[in-house]
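This briefing goes through one protein chain, from its overall build to single residues. Please look over the sequence and the structure before reading on.

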Amino acid sequence: MEIEFNSGEWLNYYTGNYSGKQKYSEDILKRYRDKINYMAEAETLNDLSRIRSLNIEKYEGHWSARINIQYRIEFNFIKPNIIVILKISKHYEN
């Protein structure tokens with residue numbers, strides 16, 4: 001799948017082009033990059049749902065994938081093969 005980011009912040013976290021104190025730990029950012037890589041390798045939503053560690057679920061009009069027990073990546077599908085990363089959020093909080 002092709003991955004797009006709705007803001008430069010999420011792209012910078014993915015590429016590692018950030019500096020200074022971050023609101024997420026290095027462990028969370030590493031897991032974020034790993035999960036985005038899993039998503040990029042998948043060809044369809046069905047492929048994504050087979051990756052149990054992502055725990056893909058529909059969430060308030062878009063989709064989410066688990067980073068860890070506390071955080072998730074929220075995203076949308078633009079076309080069947082394009083994912084737009086919306087944000088990192090705490091699990092079950094807005």
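The points below cover the fold, the surface and charges, the aromatic rings, and four residues in turn.

The model is a predicted one. It has three helices and five strands, and the order of these elements along the sequence is β-α-α-α-β-β-β-β. Eight aromatic pairs are present in the structure.

**Overall build**

- The pattern β-α-α-α-β-β-β-β puts one strand ahead of the three helices and four strands after them.
- The radius of gyration of the chain is 12 Å, which agrees with the value near 12 Å that a compact globule of 94 residues would have.
- The C-alpha trace extends over about 35 × 25 × 20 Å along its principal axes.
- Of the contacts between residues at least 6 apart in sequence, 39% are between residues at least 24 apart.

**Surface and charge**

- Of the 94 residues in the chain, 37% are buried.
- The chain has an accessible surface of about 5600 Å², and carbon and sulfur atoms account for 46% of this surface.
- There are 14 positive and 13 negative side chains.
- The centre of the positive set and the centre of the negative set are 4 Å apart.

**Aromatic rings**

- The structure contains eight aromatic pairs.
- One of them is Y13 with Y18: the ring centres are 5.6 Å apart and the planes meet at 75°, so this pair counts as edge-to-face, for which the angle must be over 60 degrees.
- Another is W63 with F77, whose ring centres are 6.0 Å apart and whose planes stand at 80°, so this pair is edge-to-face.
- The W63 and F77 pair links distant parts of the chain, with W63 in strand β3 (residues 62-66) and F77 in strand β4 (residues 71-79), 14 residues apart.
- F77 is partly exposed, because its relative accessible area of 23% lies between the limits of 20% and 50%.
- A single aromatic cluster is formed by W10, Y13, Y18, Y24 and Y71.

**Y13 in helix α1**

- Y13 is part of helix α1, which covers residues 8-15.
- The relative accessible area of Y13 is 4%, so Y13 is buried, the limit being under 20%.
- Beyond its neighbours within four places in sequence, Y13 is in contact with Y18, Q22, K23, Y24, L29, Y32 and R33.
- Y32, one of these contacts, is 19 residues from Y13 in sequence, and the C-alpha atoms of Y13 and Y32 are 8.1 Å apart.
- Y18 and Y24 are among the contacts of Y13, and Y18 and Y24 also belong to the aromatic cluster that includes Y13.

**S64 in strand β3**

- S64 is located in strand β3.
- S64 counts as buried, because its relative accessibility is 1% and the limit is under 20%.
- With neighbours within four places in sequence left aside, the contacts of S64 are N55, I56, E57, Y59, R72, I73, E74 and F75.
- F75 is 11 residues from S64 along the chain, with 6.0 Å between the two C-alpha atoms.

**N55 in a loop**

- N55 sits in the loop between α3 (45-50) and β2 (57-59).
- The phi angle of N55 is positive, at about 50°, although N55 is not a glycine.
- With a relative accessible area of 29%, N55 is partly exposed.
- N55 is one of the residues in contact with S64.

**K30 in helix α2**

- K30 belongs to helix α2, which covers residues 26-41.
- K30 has a relative accessible area of 46% and is partly exposed.
- K30 is 23 residues from S53 in sequence, and the C-alpha atoms of K30 and S53 are 15 Å apart.

Terms used
Residues are numbered from 1 along each chain as its sequence is written. This is a predicted model: local features need pLDDT of at least 70, side-chain atom pairs count only at pLDDT 80 or more; totals for chains, interfaces and linings use all residues. Side-chain values use heavy atoms; hydrogens and water are left out. Helices (H or I, at least four residues) and strands (E, at least two) are DSSP runs, numbered from the N terminus. The radius of gyration is taken over C-alpha atoms; the globule rule is 2.2 Å times the number of residues to the power 0.38. Buried means under 20% relative accessible area, exposed over 50%, partly exposed in between (1.4 Å probe, protein chains only). Contact means heavy atoms within 4.5 Å. Accessible areas come from the Shrake-Rupley method with a 1.4 Å probe; for residues, only the protein chains shown count as cover. Lys and Arg count as positive and Asp and Glu as negative; His and the chain ends are not counted. The place of a charge is taken as NZ of Lys, CZ of Arg, CG of Asp or CD of Glu. Rings of Phe, Tyr and Trp (its six-membered ring) pair if their centres lie within 6.5 Å; planes under 30 degrees apart count as stacked, over 60 as edge-to-face and the rest as tilted.
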